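Me: Please take a close look at one part of this predicted model and describe how its helices are packed and covered. A connected account in formal terms would be appreciated.

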Amino acid sequence: MQRILVTGGAGFIGCNFVHFIMVHTRLHVTVLDKLTYAGTIDSLSGLPSGRFEFVQGDICDAALVDSLTPTVDAVVHFAAESHNDNSLEDPRPFLDTNLGGTFTLIEAARKHGTRFHHISTDEVYGDLALEDPDRFTESSAYRPTSPYSATKAGSDLLVRAWVRSFGLQATISNCSNNYGPYQHVEKFIPRQITNILDGVRPRLYGQGRNVRDWIHVADHSSAVLKILEAGRIGETYLIGADGERSNREVVEMLLEIAGKSRDAYDLVHDRPGHDLRYAIDSSKLRRELGWMPGYRDFDAGLSDTMQWYRDNEDWWRPQKAATESKYAGQGH
Ligand code: NAD
Ligand code: TDX
């Protein structure tokens, strides 16, 4: 494998993956990204021009996708509408990009016989009870609950059907909640970090009891590279780093890191249909491919992430006011 196409490479996880690939492999990367509100070319600055190329475009543009696919050995598909709260306001772009865009990409991959890796989420499995030892595995039932997770579930099922019906050379990974640099300020951790930096109290939905299973984005990247190199075609791999924390615990940790009182947060209007808990059992990936997460200390990871937002205000500041005014309209 020499050349890969990375869709959504100007977004949070995609850009971290591209930076990771530049350091850890000799692959040539073409990024295809529409640059929606969630993507910025600034996240890809400083990459070696000889090994990197950027194409601004839509994954739903069949002619463009069909022209790019035969130029690469594999497609790694990150592009998506990714924010649950947005999907509750306006589901349409989620259907277009997450379903229509994935369909366009797998049609081109099957036509050209191109290896395909589909990036997905643990949210396709719905949620778990709060006090429950259960975790999601590759055989958990699909039970998505939000417009976002329903379209991601649909995109996974399209990929699975294309493997079975057309012999598409595809793998799928479903990862838990990512944190780290370059994450849009609409998402939970960057929103609270940038609020704290602005002297604004963090805002917890409901009672703050919902649990997410956090993984550093660099560990997501290393897992995807492993699957791309050694994953078995047609298989699904769950990616997680045993990082379960309630939202309240995360906010308390962030306040403590910033030297503030641990209870200096507000409880706000809950998200409709708010999933209670996600938790990933990633033993298949660890057993079959020998993958292990590198970031074991969540406190240190959060601290590094807060420092990144302190050091990169130019990157996040342009999005902050518009994001907060959207949240104000939703009662969050
Ligand atoms: P993001 O919203 O930060 O980035 C999405 C990127 O896709 C942006 O650069 C955007 O411009 C681009 N994009 C959107 N629509 C497009 C289109 N029609 N054509 C081309 N480009 C388009 O998202 P993220 O958090 O980096 O998530 C990336 C992927 O990982 C998604 O598939 C998401 O479902 C999945 N995922 C995310 C998480 C998480 O915690 N953020 C966890 C598990 C899985
Ligand atoms: O201000 C907030 N306060 C709050 O309590 C925000 C923005 C969120 N929350 C809560 C809602 C969730 O329980 O924090 C948790 C995390 O929220 P998000 O960052 O919106 O993430 P989530 O809905 O869990 O989905 C994320 O993980 C799975 C990504 O956005 C998805 O793309 C991914 O598939």
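Reply: The buried residues of helix 8 pack against helix 6, strand 8, strand 9, strand 11 (244-246) and helix 10. In this predicted model, the buried set of helix 8 (247-257) consists of Asn247, Val250, Val251, Glu252, Met253, Leu254 and Leu255. Just beyond the end of helix 8, Gly259 adopts a positive phi of about 75°.

Helix 6, one of the elements against which helix 8 packs, is itself mostly covered, with 8 of its 10 residues buried. These are Ile189, Pro190, Arg191, Gln192, Ile193, Thr194, Asn195 and Ile196. The cover over them includes strand 7 (177-179), strand 8 (203-205), strand 9 (211-216), helix 8, helix 10 and helix 11. Strand 8, strand 9 and helix 10 thus appear in the surroundings of helix 6 and also in those of helix 8. Just after helix 6, Gly199 has a positive phi of about 75°.

The packing of helix 6 on helix 10 can be described in greater detail. Two packed helices are characterised by the angle between their axes and the distance between those axes. For helix 6 (residues 188-197) and helix 10 (residues 298-311), the angle is about 60° and the axes are 10 Å apart. Angles from 65 to 115 degrees would count as roughly perpendicular and those under 35 degrees as roughly parallel; helix 6 and helix 10 are therefore oblique to each other. The crossing of helix 6 with helix 10 is right-handed. On the side of helix 6, the contact is formed by Ile189, Pro190, Ile193, Thr194 and Leu197, and on the side of helix 10 by Phe298, Leu302, Thr305, Met306, Tyr309 and Arg310. Classified by residue type, this contact of helix 6 with helix 10 comprises 8 nonpolar, 2 polar and 1 charged residues. Of the helix 6 residues in the contact, Ile189, Pro190, Ile193 and Thr194 are among those listed as buried.

Helix 11, which contributes to the cover of helix 6, contains a salt bridge between Arg317 and Glu313, with the closest N and O atoms 2.9 Å apart. An α-helix has 3.6 residues a turn, so residues three or four places apart point the same way. Arg317 and Glu313 lie 4 residues apart in helix 11 (residues 313-329) and are thus separated by about one helical turn. Arg317 is partly exposed, at 33% relative accessible area, and Glu313 is likewise partly exposed, at 36%. Elsewhere, salt bridges with shared partners link Arg232, Glu235, Lys284 and Glu288 into one network.

A salt bridge also involves helix 8: Glu256 pairs with Arg262, at 2.6 Å from N to O. Glu256 counts as partly exposed, with 47% relative accessibility, and Arg262 is partly exposed as well, at 40%. By the rule applied, the count of salt bridges comes to 19.

Another helix pair offers a contrast in geometry. Helix 4 and helix 5 pack at an angle of about 15°, with their axes 9 Å apart. Since angles under 35 degrees count as roughly parallel, helix 4 and helix 5 are placed in that class. Their crossing is right-handed. Helix 4 contributes Phe94, Leu95, Asn98, Leu99, Thr102, Phe103, Ile106, Glu107 and Arg110 to the contact, while helix 5 contributes Tyr148, Thr151, Lys152, Gly154, Ser155, Leu158, Val159, Trp162 and Phe166. By class, the contact of helix 4 with helix 5 has 10 nonpolar, 5 polar and 3 charged residues.

Two of the helix 4 residues named in that contact, Glu107 and Arg110, also form a salt bridge, their closest N and O atoms being 2.8 Å apart. Both lie in helix 4 (residues 92-112), 3 residues apart, or about one turn of the helix. Arg110 is partly exposed, at 37% relative accessibility, and Glu107 is partly exposed with a relative accessible area of 26%.

Notes. Residues are numbered from 1 along each chain as its sequence is written. Chains are lettered from A and ligands numbered from 1 in the order in which they are written. This is a predicted model: local features need pLDDT of at least 70, side-chain atom pairs count only at pLDDT 80 or more; totals for chains, interfaces and linings use all residues. Side-chain values use heavy atoms; hydrogens and water are left out. Axes are lines fitted to C-alpha atoms, for helices over the stretch in contact, and angles run from 0 to 180 degrees between N-to-C directions. Angles under 35 degrees count as roughly parallel, over 145 as roughly antiparallel, 65 to 115 as roughly perpendicular and the rest as oblique. A crossing is left-handed if the near helix is turned anticlockwise from the far one by less than a right angle, and right-handed if clockwise. Contact means heavy atoms within 4.5 Å. Ala, Val, Leu, Ile, Met, Phe, Trp, Tyr, Cys and Pro count as nonpolar, Asp, Glu, Lys and Arg as charged, and the others, Gly among them, as polar. A salt bridge is a side-chain nitrogen of Lys or Arg within 4 Å of a carboxyl oxygen of Asp or Glu. Buried means under 20% relative accessible area, exposed over 50%, partly exposed in between (1.4 Å probe, protein chains only).
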